[in-house]
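User: Hi! I'm new to reading protein structures and would like to work through one with you. Could you show it to me, and then I'll ask my questions?

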Amino acid sequence: MPTYTVTVANLSLSQQQKSQIAEAITTAHSTHTGAPRFFAQVLFFATNEGEHFVGGRVNTTPQVYVHGLVRQGRSNEIKQALMSQILEEIARIAGITAEDVWIYLQDIPATQMIEFGRFLPAPGDEAEWEREMTPEKRSSLPK
């Protein structure tokens, strides 16, 4: 399942903006990969003033960095479409330029990921994998 870590520098996001960004990332991931929405998780972090450096100097520009860990097996076209949608949405929601949004997408083989107590399925095999969850766990997941 994808884990997206959103780190902001020189920028304070409201709870509403965080919710909108989490929704935008979840929607983009599900739309472009076909994975269920409940697969996506989004974590937020903020750097303290003076703790973010670019080119060896303290950065003072508001910026957003997204590091996405996703299952291996999708084409470059799918990944670039996913990243482009995330870029546009974050820039709009955070009120910054696209030049101040940095996105890194990293592939990990499904065989090297465990979530919900089991190794993840290959892309496209999510439905069968989900059916093997306990009814209690399945019913607790967002749709």
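User: Thanks! Read along the sequence, what pattern does the protein follow?

Analyst: Happy to help! Please keep in mind that this is a predicted model. The protein has four helices and eight strands. Read from start to end, they follow the pattern β-α-β-β-β-β-α-β-β-β-α-α.

User: Where in the protein is confidence lowest, and where is it highest?

Analyst: A good thing to check early on! The mean pLDDT of the protein is 93, and 100% of its residues reach 70 or more. Among the elements, α3 has the lowest confidence, at a mean of 85. The highest value, 98, belongs to β1.

User: How many residues does the largest nonpolar core have, and which element gives the largest share?

Analyst: As a general idea, nonpolar side chains in soluble globular proteins tend to be buried together. Here the largest nonpolar core has 21 residues, and Tyr4, Ile25, Val64, Ile86 and Ile90 have the most contacts inside it. At least two residues each come from β1 (3-9), α1 (15-33), β5 (63-71), α2 (76-94) and β6 (101-108). The largest share, six residues, is supplied by α2.

User: Which residues are in the other core?

Analyst: This other core lies apart from the largest one. It is made of eleven residues, among them Met1, Ile108, Trp129 and Met133.

User: Is Leu120 buried or exposed?

Analyst: Let's place Leu120 before we judge it. Leu120 sits in the loop between β8 (118-119) and α3 (126-131). Leaving out residues up to four places away in sequence, Leu120 touches Met1, Arg71, Ala110, Met113, Glu115 and Trp129. Its relative accessible area is 6%, and under 20% counts as buried, so Leu120 is buried.

User: How far apart in space are Leu120 and Arg71?

Analyst: Leu120 and Arg71 are 49 residues apart in sequence. Even so, Arg71 is among the residues that Leu120 touches. From C-alpha to C-alpha, the two are separated in space by 8.5 Å.

User: And how far apart in space are Ile78 and Arg92?

Analyst: Ile78 belongs to helix α2, and Arg92 is in helix α2 too. In sequence, Ile78 and Arg92 are 14 residues apart. Their C-alpha atoms are 22 Å apart in space.

User: Why does Ile78 count as partly exposed?

Analyst: Setting aside neighbours within four places in sequence, Ile78 is in contact with His32 and Thr33. Partly exposed covers the range between buried, under 20%, and exposed, over 50%. Ile78 falls in that range because its relative accessibility is 30%.

User: Which residues make the nonpolar surface patch of about 270 Å²?

Analyst: One member, Val54, is found in strand β3 (residues 53-54). At 38% relative accessibility, Val54 counts as partly exposed. The patch is made by Val54, Trp102 and Tyr104.

User: Which residues are linked in a network of salt bridges?

Analyst: The structure holds six salt bridges, and one of them joins the side chains of Arg74 and Glu126 at 3.9 Å, N to O. This pair links distant parts of the chain, with Arg74 in the loop between β5 and α2 and Glu126 in helix α3, 52 residues apart. Both ends are buried, since Arg74 has a relative accessibility of 12% and Glu126 has 6%. The full network is formed by Arg71, Arg74 and Glu126.

User: What separates Arg92 and Glu89 in helix α2?

Analyst: The side chains of Arg92 and Glu89 meet in a salt bridge of 2.7 Å, N to O. Arg92 is exposed at 56% relative accessibility, whereas Glu89 is partly exposed at 24%. Because they are three residues apart in helix α2, they are separated by about one helical turn.

User: Last one: where in the chain are Arg118 and Glu132?

Analyst: These two side chains, Arg118 and Glu132, form a salt bridge of 3.4 Å, N to O. Glu132 counts as exposed, with a relative accessibility of 53%. The pair is 14 residues apart and links distant parts of the chain: Arg118 in strand β8 and Glu132 in the loop between α3 and α4 (135-140).

Methods
Residues are numbered from 1 along each chain as its sequence is written. This is a predicted model: local features need pLDDT of at least 70, side-chain atom pairs count only at pLDDT 80 or more; totals for chains, interfaces and linings use all residues. Side-chain values use heavy atoms; hydrogens and water are left out. A nonpolar core is a set of buried Ala, Val, Leu, Ile, Met, Phe, Trp, Tyr and Cys residues joined through side-chain atoms within 4.5 Å. Buried means under 20% relative accessible area, exposed over 50%, partly exposed in between (1.4 Å probe, protein chains only). Contact means heavy atoms within 4.5 Å. Patches are made of residues with over 30% relative accessible area and no salt bridge: like charges are joined within 9 Å, nonpolar side chains (Val, Leu, Ile, Met, Phe, Trp, Tyr) within 5 Å. Accessible areas come from the Shrake-Rupley method with a 1.4 Å probe; for residues, only the protein chains shown count as cover. A salt bridge is a side-chain nitrogen of Lys or Arg within 4 Å of a carboxyl oxygen of Asp or Glu. pLDDT is the predictor's confidence in each residue, from 0 to 100.
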